[in-house]
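User: Please take a close look at one part of this structure and explain how it is put together. I should like a connected account, with the reasoning given where it can be.

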Amino acid sequence: MDLSSNFLSEAREITQRENLEIKFIFGDYNEMRFEERFSVIFFEGSFFYKSREGLVSLLTRIYKALTPNGRLYFEHPNQSKIKNQFPMVNLSEIEKNVFVLQTGEYDEDDSGSRNTWLKIDLKTQVHYKCDFFLKHLSTDEIKNCLVEAGFGNFHFYKKRRIEDFDPGNDDGFSLVAKR
Ligand SMILES: C[S@@+](CC[C@H](N)C(=O)[O-])C[C@H]1O[C@@H](n2cnc3c(N)ncnc32)[C@H](O)[C@@H]1O
């Protein structure tokens, strides 16, 4: 699911190339009622929310949409470490001739960051851009939101790794929560 038709068409191309059968949805997951049930709900670089209430609402809808033993995965910045890293400008080559530019500003009033993520493919000249705001909640607050949403079983890992998250050192974490 994505709000961006550019990202969705790139994903469609990849699934055709890889011969996979995947259904894509154009839309906003904050508007989604999640009427079907899923064994896994997975966010890659795309788990954003604007407020604590927004997070609890999203987590509650996800919880209800998971089958028993279903898993939620997302990755997230570590608020206590990441706040000092704004303003941020960061350009990296993720594959040959494909660059990702990330910029971000911290907004003290809203205690969150305003970010832009831009992917540029020099071969095809195609670029994809997304702007988003992410409220920065502490890991303890995120735990409370998970519990409020119904999750009793969850684990914080190092970002995209199967090792325990270290809140004092890591810039971010991956979360796996089980219904
Ligand atoms: C950093 S990109 C990551 C894209 C992709 N998941 C990947 O790993 O290459 C973030 C994506 O989240 C999407 N996004 C942000 N908020 C969204 C929302 N509320 N509903 C659906 N998609 C959203 C953006 O359109 C953008 O494509």
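Analyst:
**A sheet and its hairpins**

Gln125 lies in the loop between strand 5 and strand 6. The model in view is a predicted one, and the description that follows should be read with that in mind.

The loop of Gln125 belongs to a hairpin of strand 5 and strand 6, with five residues between the strands. Within this hairpin, Gln125 takes a positive phi of about 70°, although Gln125 is not a glycine. Most residues other than glycine have a negative phi. Gln125 counts as exposed because 7 other C-beta atoms lie within 10 Å of its own, and a residue is exposed at 12 or fewer.

The two strands beside this loop pair in the antiparallel sense over nine bridges. One point of that pairing is Lys119, whose bridge partner in strand 6 is Tyr128. Lys119 also takes part in the pairing with strand 4, as the bridge partner of Val100. Lys119 thus leads from one hairpin to the next, with Val100 as its partner in one pairing and Tyr128 in the other.

Strand 4 and strand 5 are antiparallel as well, and ten bridges join them. Their hairpin has four residues between the strands, and Ser111 has a positive phi near 35° there. Ser111 sits in the loop between strand 4 and strand 5 (112-121), and like Gln125 it is not a glycine. Is Ser111 buried, exposed or partly exposed? Ser111 has 13 C-beta neighbours inside 10 Å, so it counts as partly exposed; the exposed class ends at 12 and the buried class begins at 20.

Strand 4 (98-107) in turn runs antiparallel to strand 3, with seven bridges between them. Two of the pairs can be named: Glu93 has Phe99 as its bridge partner in strand 4, and Leu91 has Leu101. The hairpin of these strands has two residues between them, and Asn97 takes a positive phi near 65° in it.

Taken together, these pairings give an open sheet of four strands in the order 3-4-5-6, with antiparallel pairing. Strand 3 (88-95) and strand 6 (127-135) stand at the edges; each has a single partner strand, so one side of each has no neighbour in the sheet. Neighbouring strands are turned by 15° against each other on average, direction ignored. As background, the side chains of a regular strand alternate between the two faces of the sheet.

The edge at strand 3 deserves a further remark. None of the eight residues of strand 3 is buried, so this strand lies largely in the open. The loop between helix 3 (79-82) and strand 3 holds Pro87. The peptide bond from Phe86 to Pro87 is cis, with omega near -5°. Most peptide bonds are trans.

For contrast, one may turn to the interior of the model. The largest nonpolar core has 17 residues, among which Leu59, Ile62 and Leu72 touch the most other members. The elements that give two or more residues to this core are helix 2 (52-65), strand 2 (66-77), helix 4 (139-149) and strand 8 (172-178). Helix 2 gives the most, with four residues. Ile62 touches Ile41 and Leu72, leaving aside residues up to four places away in sequence.

The surroundings of the ligand complete the picture. Of the 15 residues around the ligand, Ser4, Phe7, Gly45, Ser46 and Cys130 come nearest. The shell divides into eight nonpolar, four polar and three charged residues.

A last reference point is Arg17, in helix 1 (5-18). Arg17 is exposed because 8 other C-beta atoms lie within 10 Å of its own. The C-alpha atoms of Arg17 and Val56 are separated by 37 Å, with the residues 39 apart along the chain.

Note on methods: Residues are numbered from 1 along each chain as its sequence is written. This is a predicted model: local features need pLDDT of at least 70, side-chain atom pairs count only at pLDDT 80 or more; totals for chains, interfaces and linings use all residues. A residue is near a molecule or strand if its C-beta atom, placed from the backbone, lies within 6 Å of it. Ala, Val, Leu, Ile, Met, Phe, Trp, Tyr, Cys and Pro count as nonpolar, Asp, Glu, Lys and Arg as charged, and the others, Gly among them, as polar. Two strands pair if DSSP finds at least two bridges between them. Axes are lines fitted to C-alpha atoms, for helices over the stretch in contact, and angles run from 0 to 180 degrees between N-to-C directions. A nonpolar core is a set of buried Ala, Val, Leu, Ile, Met, Phe, Trp, Tyr and Cys residues joined through C-beta atoms within 7 Å. Two residues are in contact if their C-beta atoms, placed from the backbone, lie within 7 Å.
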